[in-house]
Amino acid sequence: MAGPVVVPVLPTYLDPERVTHCAIPFGRAIAQRLGSELVLLSIVEVTESLRSYLEAEGEQVEQLVQRWLEQRRASLERLRNAISDVSCRIEVRLGEPAKEIVAYADTSQAAVIVMSSHGRLGVARLLVGSVTFSVMQRARQPALVVRARVPVPAPNASVTFSPVLVPLDGSALAEEAIDTALDLLGQGSEPLQLHLFHVLAEEEDPARWERYLEAVAQRVRARGYPTSWSLGSGPVAETIAAEAAARQAGLIAMGTHGMSGIRRVLLGSTAEHVLHATTVPLLLHRPQAVRQALEEPATANETLRARDIMTPDPVTVGPDATLEQVAQIMLDRQIGAVPVVDADGRLLGLIREEDFLAQEKPIPFAAFRAPQLFGHWLNAEGIERIYAEARTMKAGDVAQAPAVTVTEDTPLSRIAQLMVERDVRHIPVVRDGKLVGIVTRHDVLKAVARQRSTSAMTAHPS
């Protein structure tokens, strides 16, 4: 029997829009196909700062925490009673949400984690719930990310997964997403169909990719699953999202590529952009080969240095560029960070995709956390005001000094280590203070994949 299907949820008194509840029908449908148990998991977070504040106010903290846990269980019990046709139980834990969700999935040997995300609102306002995103970064299991919608579907709502759109780039790593989709969804009464898809880059030979996709499709058909394929062209994430919409795909299955040497996983940039571009559920699979390669001692990696893998002469802006211009560059170029440089090319700072998100940060000298965006503390109404002001904010006033920089001689293994330790996705490469390149997580992935993974294009030559 497969492991449980884990769906992290919040009670309606903490999630009045029931965003987390949108994942339940999908989790229930997968549990039905697998014949496994559905687990509604909820985490009660009591930070040390909140605990200290309550103690200072004379509260009996442990009694208060126990009451919160009981309230959470009672709320989830009512939700569980609305679910039929699968074995369902509730789990309530105490701790930091993302960490506890990942820990529970590991100890229970979960088959998949199913979570909801918020939608995309406004230019470059790429809103994914912070807990959902953190779980995707850390989890070893496949994760199905479901876009929240209104009205919220009932727990027993019917869910259709076919056809499953699988974007392929010619690598064995990407093809692993096929096995993940079949393992999770290949059983059950509803026949599962797959559609393979490749976005052509400039100067790629369509005939070669047609032969490749047909060869992969034949292997999947031999396993008993109807499989079609097609080619597209254009910006990768948007083209994948458009193909999924045109084919009325039930979900998109693709790989995330990363490292887990210090129990931290780096989300592949293409998967991340697709997540923001589509309303179709996204099944994220982490290739085992990449994880193993990055966990093993770096030997061959030592021969590669920043100059070998970086993007030279990256797109930059001057300090007087507006944030509206920066956001448009990110969307047009499909990049996650834009360096800010002076007239001499000296690096002044970095503006990242995540800088456009309102992030919770501790309020100085207080026991609480509050949203902060572009250095401004915000209430709910203030977020829209700051986004309006951001159209004219100057890049030089907002850019943050990079957490770390490297030189052209920095080894690949050291770059990967810095990305994990500093939790960054982009590292500028500088020479005498001047920007000469930038290294992304995807650059690290490609370097490792070249060394450790045999391309399917080579395995099936034309």
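**Figure 1. Strands 17 and 18 run antiparallel, joined by six bridges.** Welcome to the first close-up of this predicted model, where strand 18 covers residues 434-440. One pairing to look for is Val 429, whose bridge partner in strand 18 is Gly 437. Zoom out a little and these strands belong to an open sheet of three strands, with the order 11-18-17 and antiparallel pairing. Strand 11 and strand 17 (426-431) are the edge strands, each pairing on one side only. As a reminder, strands of a sheet pair through backbone hydrogen bonds, either parallel or antiparallel.

**Figure 2. Asp 313 sits in a loop with a positive phi.** The loop here runs between strand 11 (311-312) and helix 12 (323-333). Asp 313 is not a glycine, yet its phi is about 50°. Is its side of the story buried or exposed? Asp 313 has a relative accessible area of 68%, so it is exposed.

**Figure 3. Gln 109 also shows a positive phi, near 55°.** Gln 109 is likewise a residue other than glycine. You will find Gln 109 in the loop that links helix 4 (97-107) with strand 4 (112-117). Its relative accessibility is 63%, above the 50% cut-off, so Gln 109 counts as exposed.

**Figure 4. A cis peptide bond joins Ser 162 and Pro 163.** The omega angle of this bond is about -10°. Pro 163 belongs to the loop between strand 5 (143-147) and strand 6 (164-167).

**Figure 5. Helix 1 is mostly covered by its surroundings.** How many of the eleven residues in helix 1 (residues 24-34) are buried? The count is ten, and among them are Ile 24, Phe 26, Ile 30 and Leu 34. Two arginines, Arg 28 and Arg 33, are buried here as well. The cover over these buried residues includes strand 1 (5-8), strand 2 (38-44) and strand 4. Strand 5, helix 3 (61-81) and helix 6 (172-185) contribute too. Just after the helix comes Gly 35, which takes a positive phi of about 70°.

**Figure 6. Cys 22 and Cys 88 are both buried.** Cys 22 has a relative accessible area of 1%, so it is buried. For Cys 88 the relative accessibility is 14%, under the 20% cut-off, and therefore this cysteine counts as buried too. A disulfide is a covalent bond between the sulfur atoms of two cysteines. In the whole structure, the search finds zero disulfides.

Conventions: Residues numbered from 1 in each chain as written. Predicted model: local features only at pLDDT ≥ 70, side-chain atom pairs only at ≥ 80, totals over all residues. Heavy atoms only, no water. Helix = DSSP H or I, 4+ residues; strand = E, 2+ residues; numbered from the N terminus. Buried < 20%, exposed > 50% of the residue type's maximum accessible area, 1.4 Å probe, protein only. Disulfide = S-S within 2.5 Å. Pairing = 2+ DSSP bridges. Contact = heavy atoms within 4.5 Å.
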